[in-house]
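Reader: Could you start with one little spot in this model and take a close look at the strands around it? After that, walk me through the rest in one go, and please tell me what your terms mean as you use them.

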Amino acid sequence: MGVRRKMALRFDLIIFTILLFASPVLSDLILSKVDRRIDLTSQIVRITSTLKVENEGSEPVSEVLLAFPDLQVKDLALLKASPHEGKGKVKSLSASLPVENVKPNGMPAALTFYAVKLPKALGKGDSYTFDVLAVFAHALRPFPEKITQADIQLVVFQESAFYLTPYVVKVQSLSVKLPESRIESYTKLENTKIHGSEIKYGPYENLPSFSYSPIVVHFESNQPFAVAQEVVREIEISHWGNVQVTEHYKLVHGGAQNKGEFSRLDYQARPTIRGASAFKYLIAKMPPRVHSVYYRDEIGNISTSNLWGDSKKTELLIEPRYPLFGGWRTAFTIGYGLPLKDFLFELEGNRFLNITFGSPMNELVIDNLIVKVVLPEGSGDISVSAPFPVNQWEETKLSHLDLTGRPVVVLQKTNVVPEHNQFFQVYYKFSKLSMLREPFMLIFGFFSLFVAGIVYMHVDMSISKSSAAYLARLQWDEVQAAIQQVENVINRCLTTHDKLEASLRDLSRTGDVQACKAARKAADGLLKELSKELKLVLSFLQSSSAASQILPKVEELVAKEKDLQEKVMAKHSTVVDCYEKKTGIRDSENRVAAQQQKITALRQEVENLLELIDEI
Amino acid sequence: MAAAAKAGEATLRHAFGNVLSFFILLLIGVLAFSIRLFSVIKYESVIHEFDPYFNYRVTQFLTKNGIYDFWNWFDDRTWYPLGRVIGGTVYPGLTLTAGTIWWLLNSLNIPLSVETVCVFTAPIFSAFASWATYLLTKEVKGAGAGLTAAALLAMVPSYISRSVAGSYDNEAVAIFALIITFYLYIKTLNTGSLFYATLNAIAYFYMVCSWGGYTFIINLIPMHVLLCIVTGRYSSRLYIAYAPLVVLGTLLAALVPVVGFNAVMTSEHFASFLVFIILHVVALVYYIKGILSPKMFKVAVTLVVSVGLVVCCAVIAILVALVASSPTKGWSGRSLSLLDPTYASKYIPIIASVSEHQPPTWPSYFMDINVLAFLVPAGIIACFLPLSDASSFVVLYIVTSVYFSGVMVRLMLVFAPAACIMSGIALSQAFDVFTRSIKFQLLRILGFSEADAGDGSSANVVPENDAVKVDKSEETIKERPSRKNKKKEKEQMEKAQAEKTSAKSKTEKRLLVLPMELSVIGLLLLVFMGAFYVVHCVWAAAEAYSAPSIVLTSYTHEGLHVFDDFREAYAWLRHNTEVDDKVASWWDYGYQTTAMANRTVIVDNNTWNNTHIATVGTAMSSPEKAAWEIFNSLDVKYVLVVFGGLVGYPSDDINKFLWMVRIGGGVFPHIKEPDYLVGLLLLFVETDGKGFDRVRRTEIGKKYFKLTHFEEVRQS
């Protein structure tokens, strides 16, 4: 505590020396009323000032200077001026006044100045009221800097009770709003009041320019001090209907450092007491209709998250793997998909993406935010319009089935607070035909694969067309074809035999001799044709040298078949004869049985031979 | 008789059969892949367990730094302060495979992360393994058995346990390599083609790259060769199948840094060289037999045998003396514990302490291979009808692997493919018999009067016919080498198909016909058994083997509870400690700490330095001050201990404590096991608020003690 006090005092001394040397010779503006509200309820400090400026000089003035000490400026995340519209009215974003950094002459060196451009110049006696919102990211300092698990977190905030300005201020007041009513200490000046968790200073009247009176508030704040040291947001547009957002966070608890041990047991038993300064979860407010949300880090999925939503918004609650105590770090990635039609629009042949800039997390300070917008392959004429200055460059990214890579617009900004979560636009040109490139590539790829397969199956890959092995193979192929033919013929013969048998059976059933004879005639004709065919093939086989191995078997087969054929014919004629002559059926049966046995044996042999040849 | 008409459509049927088996194989591949995705669906796409984390880390290094840096990688994040030469001490097969897949995908601009590739490597290779099983079994017993075996392997629980998505371990690719090596060996043996012999050597090289289990191959194949020689089945095909494998395979194996000169120096490889010599002698004998007359040959044999015996005795004496001079007889510890199951528990507690090195219990056989256990004997019998070179190999494979699986649970994995092949053969043969009987009976019922006449005559024909067939098939095999490979494959398909198509005509020839009712019942029982197997496998894949073991879930009355404490601790270490801090823990958590927390560890799961592990064990089992001194001397800043008493996690450090004492005591004699047995719970507890240990259901003896030298940083 003592150290902190001393530092604060030194800081004040510097300011006072500045004030001694400074000679405020400026325009004749005065601030007739200044009303400041400092919101300390979260880790982000928001100072809203309502300024009423009056021109007492004769020349019209169109600029008002705002002054901040350099020490504060390095934490300044956002400075915005907007016309005062009274309480209860919704502020429109477009109505903000332009603010720019200026370096006026003759001003103290330790101050930074910003000029607010008024909508119209103020003539003599005119007055204008506007609001200034200044947001500071790391303005709260934890004190003590190291606490144990059981301690509460105390932070220090310092400001001036008087509005630091190059102008004379007639009436001013200041209120400081704290998260909890427990206040360790605060600077007491005249007119200081305290209402619960709010401290009020003022009103003070008629103070000269550059008046400064330091105040220090030391209070309890167990709000999550979630600071992302780096966030990389990748927004990938797919014209197939999806905007994929991937956010990589490197998170640290920016509050008082944790010292000593962490006992999970104590924490689990009484999380509000043994771990008051820790934060357990973060809430992200996402657009409605968000889908495929995931939450993971480099070693896998993190199972502690919760998602709920309605038609207006979706809320994602994520818990890091462990509760974050002061100084502890973690890193994780969240990703989600958004419907394309909610964010991508067309305007005069141009397309533009309209999406928020910052992270969806509540009350998160981002030290370095990098937003990458990945446009589809083949986009051109890219331009960006952002509501505040950002660093910007372009990259290319190679992703699924890309040939040339997708253009990537990279936007980078330091010190980002939730107020930066505004829409920005990326304009580009993209032809619908480019969308079909990848499907066609796939189709073509598979098509050529199949074609290659077909070609490979049909192309003769042998190196030498005249080698003995190649010729032998060709011959062998021919022989095989011939043998196949032989087999076919024999099989057909066998079916004819079956038909004959069937006709015999019919005969025994119906006694129709004529039909049986007709069948016989047809079979005779067929068999004759077949034997002719067989002869042709056989002669080829005999001439071929490659068939020498298999030839005896084939010849045997043919011979056997002929034998079988004869036997079947003989049997057929015997039976038919019997019927015609009406001889004793018993007698004929005896004769036929002998023939039948031979036929069965022969048939068996033929079939065996067929199988053998088939196997070769 | 109707068969004759069918033969005309033979070619169409061939084509149809090919397309059908292609689609069946494709579906088997899909099945093998998808049954292993339960872990991703139920949990997440994450690397499992312990060793896979190391492999994952190595793969990350490979993809980031390239192959040359990988070979030269000296890892200073582990075994502090010794470090470890990763490039020379890992089997690089898995890493290189996943690295290649990743590289290929990324060069096609498909930006998958290394993790995703690693997670899905094992399921992809299981599909490959089932295809390889199809090929192998087809070589042995035809396409039908092949398809059945492939389907069985696709979902055998034993293999699933090591290859679910995320189980990124050596075994995942090694089983594929093992089967494909065996397939190529059998293929070479059947065809005598030098082309396949070369492929075989390359497959063997891939196996050597992938897993230490390659010694199984290099001992099993020589055993089979020896078996063939002894049973008089020596042929030139056998020579071609074996000699190139030994020469090329050994040369290639020596290229793998982790094997190096071990490929010729250690006893594990000795058998292969011995058989190599024997094979040459036998080949020479056969050659001489061919050129000499029988009488001259007899004289030559007596001469050579008398001289040869003397030389052999001398050589063997020298060899024995050499081998005996080394303390472990030239065998590595792990191999020795295979040959003598009691070896490890006697001399190397660190090997014995790993649960997967314990002998399995009977229920684990039923759990891991289920109904296959009953089908295997039938398959063995089927392999003897008739016995060929290929089927004798499979029989030898299953006999040896049954023994090894009986010694170590882990080697159940080698046994599983053999069991699948055998059961595939048994199932397909049984189906063959039953369906054939049914078909035949149906034909008879439908009234073909000739059938019985044919049946009568077939009694004489069948045996003869079968004998001819076997001879014939051997003949065809012999003449094959002269033809081109593609042709051969086609022919074989045709042959297999022809067998199928002619099955109908055979029904009338074989006596092997069962009564209709019996075969229908048998068929139903088989189908029922298959269904039971499928149900069991799906259950095993979904419930038993899919837990990633870094995420624990439990069901309570409130619903699903997820315990992600391991990763919580690792994530904390990763983000909240200095990059160069040293973390001490029992060796089980070494790989995970280096991979997930990216912090230097003292010991890890690669238990190469027993002394170092014993040091940590001593520190863990010493009083606080002594432990502090040990850890301080090792620059340790954080000590990771796991206590499961609060949430009921049984395999925590208290359970492992006895092993710490045992291993510590093995090197530092002042740690004595009996001292710790009584006061175990007093010594090693944490400040659990309620003082109740849910795992052991006991009250913790000593509560609320103070640590003076160590500071608790965090509990999770």
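**A small hairpin and beyond**

Author: Let's start with Asp297(A), whose bridge partner in strand 21 of chain A is Gly300(A). Before going on, bear in mind that this is a predicted model, where local features need pLDDT of at least 70 and side-chain atom pairs count only at pLDDT 80 or more, while totals for chains, interfaces and linings use all residues. Residues are numbered from 1 along each chain as its sequence is written, chains are lettered from A and ligands numbered from 1 in the order in which they are written, and side-chain values use heavy atoms, with hydrogens and water left out.

Strand 20 and strand 21 (residues 300-301) of chain A run antiparallel and are joined by 2 bridges. Two strands pair if DSSP finds at least two bridges between them. Strands themselves are DSSP runs of E with at least two residues, helices are runs of H or I with at least four, and the numbering goes from the N terminus. The hairpin linking strand 20 to strand 21 of chain A has 2 residues in between.

Strand 20 (residues 291-297) of chain A has another partner to look at: it pairs with strand 24 (residues 329-339) in the antiparallel sense, over 4 bridges. There you'll find Tyr295(A) opposite Ile334(A).

A second hairpin in chain A is worth a look. Strands 25 (residues 344-347) and 26 pair antiparallel over 4 bridges, with Glu346(A) facing Arg351(A) as its bridge partner. This hairpin also has 2 residues between its strands, and Glu348(A) takes a positive phi near 50 degrees there. Strand 26 then pairs with strand 31 (residues 423-429) of chain A, again antiparallel, over 6 bridges. In that pairing, Ile355(A) has Phe424(A) as its bridge partner. Of the 7 residues of strand 26 (residues 350-356), 5 are buried, so this strand is largely enclosed by the rest of the structure. Buried means under 20% relative accessible area, exposed is over 50%, and partly exposed is in between, with a 1.4 Å probe and protein chains only.

Now for whole sheets in chain A. One is open, with 7 strands in the order 4-7-2-1-11-14-13 and mixed pairing. Its edges are strand 4 (76-83) and strand 13 (192-195), each with a single partner strand, so one side of each has no neighbour in the sheet. Neighbouring strands here are turned by 15 degrees against each other on average, direction ignored. Axes are lines fitted to C-alpha atoms, for helices over the stretch in contact, and angles run from 0 to 180 degrees between N-to-C directions. Within this sheet, strand 1 (residues 29-39) and strand 11 (residues 168-177) run parallel and share 9 bridges, with Asp35(A) standing opposite Ser173(A).

Another open sheet in chain A has 3 strands, ordered 3-6-5, with antiparallel pairing. Strand 3 (61-69) and strand 5 (99-102) are at its edges with a single partner strand each, so one side of each is left without a neighbour. The average turn between neighbouring strands in this sheet is 35 degrees, direction ignored. Strand 3 is joined to strand 6 (residues 111-122) by 8 bridges, running antiparallel, and Leu66(A) has Tyr114(A) as its bridge partner.

Over to chain B, which has 34 helices and 9 strands. Of its 716 residues, 51% are buried. Take helix 11 (residues 194-210) and helix 13 (residues 236-253) of chain B: their axes come within 8 Å and cross at roughly 35 degrees. The contact (heavy atoms within 4.5 Å) includes Leu194(B), Tyr204(B) and Phe205(B) from helix 11, along with Pro244(B), Leu245(B) and Leu248(B) from helix 13. Its residues divide into 14 nonpolar, 4 polar and no charged. In that count, Ala, Val, Leu, Ile, Met, Phe, Trp, Tyr, Cys and Pro are nonpolar, Asp, Glu, Lys and Arg are charged, and the others, Gly among them, are polar.

Last stop: Asp588(B), in the loop between strand 5 (582-585) and helix 29 (590-597) of chain B. Asp588(B) counts as buried, with 12% relative accessibility. Leaving out residues up to four places away in sequence, Asp588(B) touches Phe50(B), Asn605(B) and Lys656(B).
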